[in-house]
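Biologist: Hi! Could you walk me through this structure? I'd like to start with the cysteines and then move on to the strands and helices.

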Amino acid sequence: MAKEQPQRREVAWTPLWNRITESNTKIKLTKCGKITLGVIMMVIAAVVIGLIVYFVSDGKTPFYYHISFKVNNIDYDSKFEKPYSKEYMDLNKKIVSLINETFHGSRLRRQYVKSHVVQVSRAKGKVIIHAVLKFKSCYKNNTGKFWDRIETILHQKLTGETGSLCIDPSSFKFSDIEMPTAENLLNTCCGRRTVTPSGNKVAGGLNAEEGEWPWQASLQQNSVHRCGATLISNSWLVTAAHCFIMATDPKEWNVSFGLLLSDPQSQRSIKDIIIHEKYHYPAHDNDIAVVHLSSPVLYTGNIRRACLPEATYTFPPNSEVVVTGWGTLKSNGKSPNILQKGSVKIIDDKTCNSGDVYGGVITPGMLCAGFLKGRVDACQGDSGGPLVSADSNGIWFLAGIVSWGDECALPNKPGVYTRVTYYRDWIMSKTGL
């Protein structure tokens, strides 16, 4: 059988049709046309349960506060700027443990939800900690009293026993903060997710779950999904250059976030599309572009950014990675409404460049991932989407960008991705990230 020419993971140019199953369930009626007693009791029970759930959880109003203070016995380190660094995570753990201890042993232990270090700044060589705290309370009308209690408890702790942290009490500052801004800060750390289920559609994959891959975005031309993309900051996405070979006008494009194409959680128009200067269709090299959103998207539990690896970061051959997208489930197949995920493995360049695979066309800016037996792969419509890898701390880094391959999930034809580390400096030059 003649060898097929490599095909780009092109976008699907036909509209997607949602597969929604309507319920045929109906309320059973008696001969007199009245709802049966059993149904009435079920309705009452459902209402009661709903009220209980409301007052136990949703009935409580969330409150958010920003605190800052100086730590005199910790020297500032530039690594604190990277939320995935060991230095930052160790510092965050110490601060959060102190705050947890403070409130778990107080009269507000049932109202306290969580805290997180959102920034570490510098002051005369030492660190200034900026943290956001979240509480939930039923007493919405007593916000002033609630404020005073929290501030008092914190101030007493910071002027007392603080373990290994030598805190300057005079530097303590306390203020409230609006919910959207606070949630954005609480979820600002890259590569983290609220859902960590197991499992292996992409071609041969499975349905994703809400919040499982929060950096995934859909690039849409005239409101039709064309490509995937990865959120790397509030304002920037990274994707494949070939997504724009037929349309480069930002006004034709928009971006959506969320698990379902039919029900996006957030949408944005596009301000600018920057394609790599050395990308020349139909060549595969330099298949990368960055997209500037018209306005920043706020982070939530289900919308977060992936971590960008440093140029020196390595993704070893045979390590497990995950590709996600709304592409077809097989070559020239149907496109799903729900985000798909596929677990694959990185294939070393030598193997991928062998005569049985891609015969020497893989360049340093490319990365192969999949299985030589086929089975799981990106497909049409997944172009530009993320290939991510988790480090030992469970933080997810962007390893590749879906670029090209021979059809989908064929034996000896794994997916070929744009290698993000190779273009790390280019991304920095265009986005500042």
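**Disulfides, sheet and helices**

Modeller: Happy to! A search of the whole structure turns up four disulfides. Keep in mind that this is a predicted model.

Biologist: How do the bonded cysteines pair up along the chain?

Modeller: Counting the bonded cysteines along the chain, the pattern is 1-4, 2-3, 5-6, 7-8.

Biologist: Let's take one. Which cysteine is joined to Cys190?

Modeller: That would be Cys307, with an S to S distance of 1.9 Å.

Biologist: And what is the handedness of the link between Cys190 and Cys307?

Modeller: The torsion about their S-S bond is about 90 degrees, so this disulfide is right-handed.

Biologist: Are those two buried or exposed?

Modeller: Cys190 is buried, at a relative accessible area of 3%. Cys307 is buried too, at 0%.

Biologist: What about Cys227, where does its bond go?

Modeller: Cys227 is bonded to Cys243, S to S 2.1 Å. The link of Cys227 and Cys243 has -100 degrees about the S-S bond and is left-handed. This pair links distant parts of the chain, 16 residues apart: Cys227 sits in strand S8 (residues 224-231), while Cys243 is in the loop between strand S9 (236-239) and strand S10 (253-257). Both Cys227 and Cys243 are buried.

Biologist: Nice. Got another one for me?

Modeller: Sure, Cys379 and Cys408 form a disulfide with S to S 2.0 Å. With 90 degrees about the S-S bond, the link of Cys379 and Cys408 is right-handed. Here the two ends are 29 residues apart, again in distant parts of the chain: Cys379 lies in the loop between strand S15 (366-370) and strand S16 (386-390), and Cys408 in the loop between strand S17 (396-405) and strand S18 (415-419). Both Cys379 and Cys408 are buried.

Biologist: Now Cys189. Why is there no bond from its sulfur to the closest cysteine sulfur?

Modeller: The closest cysteine sulfur belongs to Cys190 and is 7.0 Å from that of Cys189, so it is too far for a bond. A disulfide here needs the sulfur atoms within 2.5 Å. Cys189 counts as buried, at 4% relative accessibility.

Biologist: And Cys166, how accessible is that one?

Modeller: Cys166 is partly exposed, with a relative accessible area of 40%.

Biologist: OK, changing topic. What is the strand order in the four-stranded sheet?

Modeller: It's an open sheet with the order S3-S4-S2-S5, and the pairing is antiparallel. S3 and S5 are the edge strands, each pairing on one side only. From one strand to the next, the twist averages 20 degrees.

Biologist: How many bridges join S2 to S4?

Modeller: There are 12 bridges between strand S2 (residues 61-75) and strand S4 (residues 126-137). For a register check, Ser68 has His130 in S4 as its bridge partner.

Biologist: And on the S5 side of S2, how many?

Modeller: Six bridges join S2 to strand S5 (residues 167-176), and those two run antiparallel. Lys70 stands opposite Asp168 in S5, and Ile67 stands opposite Phe174 in S5. Helix H2 packs on the sheet, touching S2, S3, S4 and S5, and its direction makes about 135 degrees with that of S3.

Biologist: Tell me about H2 itself. How far does it reach?

Modeller: H2 (residues 86-104) has 19 residues and reaches 26 Å from its first C-alpha to its last, close to the 27 Å expected. Its buried residues include Leu91, Ile95, Leu98, Ile99 and Phe103. Among the elements covering the buried residues of H2 are S2, strand S3 (112-123) and helix H3 (143-158).

Biologist: H3 next, then. Does it have the buried residues on one side, or on opposite sides?

Modeller: The buried residues of H3 are Phe146, Ile150, Ile153, Leu154, Lys157 and Leu158. They cover an arc of only 130 degrees around the axis, which puts them on the same side of H3. As background, an α-helix has 3.6 residues a turn, so residues three or four places apart point the same way.

Biologist: What do those buried residues pack against?

Modeller: The buried residues of H3 pack against S2, H2, S4 and S5.

Biologist: And which exposed residues are on the face turned away from the buried side?

Modeller: On H3, that face carries Lys145 and Gln156.

Biologist: Last one: what span should H3 have?

Modeller: Its 16 residues should span 22 Å at 1.5 Å a residue, and the end C-alpha atoms of H3 are 23 Å apart, which agrees.

Notes. Residues are numbered from 1 along each chain as its sequence is written. This is a predicted model: local features need pLDDT of at least 70, side-chain atom pairs count only at pLDDT 80 or more; totals for chains, interfaces and linings use all residues. Side-chain values use heavy atoms; hydrogens and water are left out. Two strands pair if DSSP finds at least two bridges between them. The expected span of a helix is 1.5 Å times one less than its number of residues. Buried means under 20% relative accessible area, exposed over 50%, partly exposed in between (1.4 Å probe, protein chains only). Contact means heavy atoms within 4.5 Å. Axes are lines fitted to C-alpha atoms, for helices over the stretch in contact, and angles run from 0 to 180 degrees between N-to-C directions. The arc is that of the directions from the helix axis to the C-beta atoms.
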